[in-house]
Amino acid sequence: MAAFPINIRMPFLYVMFAAIILSKCLVPSVAELRRFEQATKADGSLSFLVVGDWGRRGGYNQTEVAHQMGIVGEKLDVDFVISTGDNFYDEGLTGVDDPAFDESFTDIYTAPSLQKQWYNVLGNHDYRGDALAQLSHILKKLDGRWLCWRSFIVNAEMVDFFFLDTTPFVVKYFNKPKGEVYDWRGILPRNHYLSNLLKDFDLALKESSAKWKIVVGHHTIKSAGHHGNTDELVVHILPILKANNVDLYINGHDHCLEHISSLDSPIQFLTSGGGSKAWRGDVDWWNPEEMKFYYDGQGFMSVRIDPSRVDISFHDIFGNVLHKWGTSKQLYSST
């Protein structure tokens, strides 16, 4: 008779075990953001380029932007390139074998100076295709420059870069997708994913002892461009940036080049989304005390950083430097 209750329990235990395993598969664990190490130059400095919203098989002046990136990259001896997302238009990649990967990336950014590590985040257009394809190690095998994760950290001695998956924050992609289909594998349940991400993002910033803290995401926080501010990031991300003394927030999404400062914090908001299609023409001019620069056309951004200073420049497709800005910090904090 003792065997009877065991037979009743065993199916129940199997069901519970299966449920636990299934929940671990469906609910992403972001308890620890993946970290990568980036070496600095011998003098302790770094130089890099930032481009966003680019993947159009060379069209809409993507090739011209890439050409100038190669020239500037050689002058600065850049260490890596950052992509602010919307890497492949209009609907991301169809899979790891999509020829768009070569046609929009490998075959476009061919300059010797651009044969460096590329750190990429996903944009909303990337989520309209096979988002997991861009995260696959297979693309890394196809082109060794490619590195893409949802959210991750790059440690480079005096500077920490925090790459943030911003698309899942935007409510309209879930509630009003306008006929678009998004690849939410690994994101659902959304509230759990975002709660974990916010917690881990905040903790990683708090634990950082880097001289400079730079956050990279696809969506805007402050912008005078077509999309304007992203309300969800203003609510959930901006307070974390302020509380943790972030220096720069770098994004794409608006197809322009832009620099907005802040009257209530030292954060600089930098948009580099001019990698291809631009010239939308709908600009909502910002408070002139904060609006430092806006250019509605194609181009990219360059950054040089060392332990005591950051310098940024915005470049157009003709080789012109459209805007410069820099700031300094004491090399050693006073006690």
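Salt bridges number 15 in this predicted model, where the term denotes a side-chain nitrogen of Lys or Arg within 4 Å of a carboxyl oxygen of Asp or Glu. Residues are numbered from 1 along each chain as its sequence is written. Because the model is predicted, local features need pLDDT of at least 70 and side-chain atom pairs count only at pLDDT 80 or more, while totals for chains, interfaces and linings use all residues; side-chain values use heavy atoms, with hydrogens and water left out.

Three of these contacts are set out below.

| Salt bridge | N to O distance |
|---|---|
| Arginine 56 and aspartate 90 | 3.6 Å |
| Aspartate 143 and arginine 145 | 3.0 Å |
| Glutamate 290 and lysine 222 | 3.4 Å |

Arginine 56 belongs to the loop between strand S2 (46–51) and helix H2 (62–76), and aspartate 90 to the loop between S3 and H3, so their salt bridge ties together parts that are 34 residues apart in sequence. Helices (H or I, at least four residues) and strands (E, at least two) are DSSP runs, numbered from the N terminus. Burial is defined by relative accessible area: under 20% is buried, over 50% exposed, and in between partly exposed, with a 1.4 Å probe and protein chains only. Arginine 56 is buried at 16%, whereas aspartate 90 is partly exposed at 46%. The charged end of arginine 56 also sits over the ring of tyrosine 89, 3.7 Å from its centre; this requires NZ of Lys or CZ of Arg within 6 Å of the ring centre and within 35 degrees of the ring normal.

Arginine 145 likewise takes part in both kinds of contact: a salt bridge with aspartate 143, and a position over the face of phenylalanine 105, at 4.6 Å from the ring centre. Arginine 145 is buried, with 6% relative accessibility, and aspartate 143 is buried at 8%.

Glutamate 290 lies in the loop between strand S11 (268–272) and strand S12 (291–295), and lysine 222 in the loop between strand S8 (212–217) and helix H8 (231–236), so this salt bridge ties together parts that are 68 residues apart in sequence. Glutamate 290 is buried, with a relative accessible area of 9%, and lysine 222 is buried at 12%. Elsewhere, salt bridges with shared partners join Asp43, Arg304 and Asp306 into one network.

Strand S12 has 4 of its 5 residues buried. Strand S10 (residues 257–260) runs antiparallel to S12, joined by 4 bridges; pairing of strands requires at least two bridges found by DSSP. Within this pairing, histidine 259 stands opposite phenylalanine 293 in S12.

The aromatic contacts comprise 28 pairs across the whole structure. Rings of Phe, Tyr and Trp (its six-membered ring) pair if their centres lie within 6.5 Å, and planes under 30 degrees apart count as stacked, over 60 as edge-to-face and the rest as tilted. Phenylalanine 36 and phenylalanine 152 are edge-to-face, at 5.8 Å centre to centre and 90 degrees between the planes. This pair links strand S1 (residues 34–37) with strand S6 (residues 152–156), its members being 116 residues apart. Phenylalanine 152 is buried, with a relative accessible area of 0%. Phenylalanine 36 and phenylalanine 152 also belong to one aromatic cluster, together with Phe48, Phe80, Tyr119, Phe161 and Phe163.

A tilted pair is formed by phenylalanine 88 and phenylalanine 101, 6.1 Å centre to centre with 45 degrees between the planes. Phenylalanine 88 lies in the loop between strand S3 (80–83) and helix H3 (100–106) and phenylalanine 101 in helix H3, so the pair ties together parts that are 13 residues apart in sequence. Both residues, phenylalanine 88 and phenylalanine 101, are buried.
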